[in-house]
Amino acid sequence: DKHGLVLGAMDGIRYKETNMQLEPGDTLFVYTDGVPEANDIDNQQFGMERTLQSLTDHKDLPMEDMLKAVKVDIDKFTKGAPPFDDMTMLALRYEQNLVTEGVTVTPDMDNFQKVMSYVEETLEKAQVTMKQINKVSLVVDELFTNQVSYSEAEWVQFICRVDDEKIELYLRDNGVPYNPLEAAEPDITSDAEDRPIGGLGIFLSRKMMDDMSYHYVNGINVVKAMLKR
């Protein structure tokens with residue numbers, strides 16, 4: 001739509017009303033011009049092309065993490081140049097029939113059952129098949145165990161989202177930067193006693209899910225796992 005003059009600029013201005021239809025899964029990103037007009041030390045602008053690319057790169061993140069990731073991309077581009085203008089961003093995602101409450105705990109095995117109960121109850125309410133519940137539960141088990149063993153995080157958050165087409169599982173934590181998906185795949189053709197310890201759980205998790213991804217955004221690790229229904 002064609003935008004009108006900024007509100008409050010002068011008296012007597014008439015504004016045109018426009019409408020936009022959002023579908024489930026759509027994201028609305030609203031921003032001030034300080035975002036695309038952010039300048040680097042050579043006075044080059046971040047621009048709309050880089051703004052759209054940043055949004056595309058981080059579109060699968062939770063909204064809070066997506067906005068932080070866009071700000072990180074802007075800061076990398078400007079390299080410490082003073083801000084050209086105020087910078088405000090707002091993101092809304094239309095999530096029809098999704099459960100997004102989440103559960104946040106300290107990464108301790110004493111809290112494992114709390115996390116597992118949240119995930120299983122969410123899936124059962126959405127009438128997910130027992131086969132898929134078992135797959136997701138195994139992935140939660142593996143990810144949480146890794147958190148307890150290696151993350152050094154103060155907190156870990158699990159978010160489970162379900163709609164008619166897919167199950168999405170997000171793991172967020174403030175631990176040391178670590179991408180579990182970079183672990184080398186174990187050689188499952190060799191005898192068990194000849195294999196090095198570790199890596200099998202993540203390998204199996206990736207095989208069971210339709211997609212898994214990792215992002216590190218502003219001090220937060222984010223692992224996303226997706227399973228088609």
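Buried means under 20% relative accessible area, exposed means over 50%, and partly exposed lies in between (1.4 Å probe, protein chains only). This is a predicted model: local features need pLDDT of at least 70, side-chain atom pairs count only at pLDDT 80 or more, and totals for chains, interfaces and linings use all residues. Residues are numbered from 1 along each chain as its sequence is written, and side-chain values use heavy atoms, with hydrogens and water left out.

**View 1. The whole chain has 5 helices and 7 strands.** Helices (H or I, at least four residues) and strands (E, at least two) are DSSP runs, numbered from the N terminus. Along the sequence, their order is β-α-α-β-β-α-α-β-β-α-β-β. The chain has 229 residues, and 39% of them count as buried.

**View 2. Aspartate 60 pairs with two lysines.** A salt bridge is a side-chain nitrogen of Lys or Arg within 4 Å of a carboxyl oxygen of Asp or Glu. Side chains of opposite charge can pair when their charged atoms come close. By this rule, the count is 7 salt bridges. In one of them, lysine 59 meets aspartate 60, at 3.5 Å from N to O. Aspartate 60 is partly exposed, because its relative accessible area is 30%. Lysine 59 is also partly exposed, at 46%. Aspartate 60 forms another salt bridge with lysine 224, where the closest N and O atoms are 3.6 Å apart. This pair links distant parts of the chain: lysine 224 is in strand β7, aspartate 60 is in the loop between α1 and α2, and 164 residues separate them. Lysine 224 counts as buried, because its relative accessibility is 8%.

**View 3. Aspartate 75 and lysine 71 form a salt bridge within helix α2.** The distance from N to O is 2.9 Å. Both residues lie in α2, 4 residues apart, which is about one turn of the helix. Is aspartate 75 buried or partly exposed? At 38% relative accessibility, aspartate 75 counts as partly exposed. Lysine 71 is partly exposed too, at 34%. Elsewhere, salt bridges that share partners join Lys59, Asp60, Glu168 and Lys224 into one network.

**View 4. Proline 62 sits in the loop between α1 (47-57) and α2.** Proline 62 counts as buried, because its relative accessibility is 7%. Which residue 108 places away along the chain has its C-alpha atom 8.3 Å from that of proline 62? The partner is tyrosine 170.

**View 5. A search of the whole structure finds 1 cavity of 30 Å³ or more.** Rolling a probe the size of a water molecule over the atoms shows where empty space is left. On a 1 Å grid over the protein atoms alone, a cavity is a set of points where a 1.4 Å probe fits but cannot get out; lining residues have an atom within 4 Å of a point. Grid points are joined across faces, edges and corners, and a volume is the space filled by probe spheres set on the points. The largest cavity has a volume of about 140 Å³. Its lining has 13 residues, and Gln147, Leu171, Asp173, Tyr178 and Pro180 lie nearest the centre. Which element gives the most to this lining? Helix α4 does, with 5 residues. At least two lining residues come from each of α4 (130-151), β5 (166-173) and β7 (220-228). By class, the lining has 8 nonpolar, 4 polar and 1 charged residues. Here Ala, Val, Leu, Ile, Met, Phe, Trp, Tyr, Cys and Pro count as nonpolar, Asp, Glu, Lys and Arg as charged, and the others, Gly among them, as polar.

**View 6. Two residues other than glycine have a positive phi.** Lysine 79 has a phi of about 55°. Lysine 79 lies in the loop between α2 (63-78) and β2 (89-93). Lysine 79 is exposed, because its relative accessible area is 62%. For asparagine 218, phi is near 55°. Asparagine 218 is found in the loop between β6 (211-217) and β7. Asparagine 218 counts as exposed, because its relative accessibility is 52%.

Methods. 1 Å grid on protein atoms, 1.4 Å probe; cavity = no way out; pocket = protein on both sides within 12 Å on 5 of 7 lines; lining within 4 Å.
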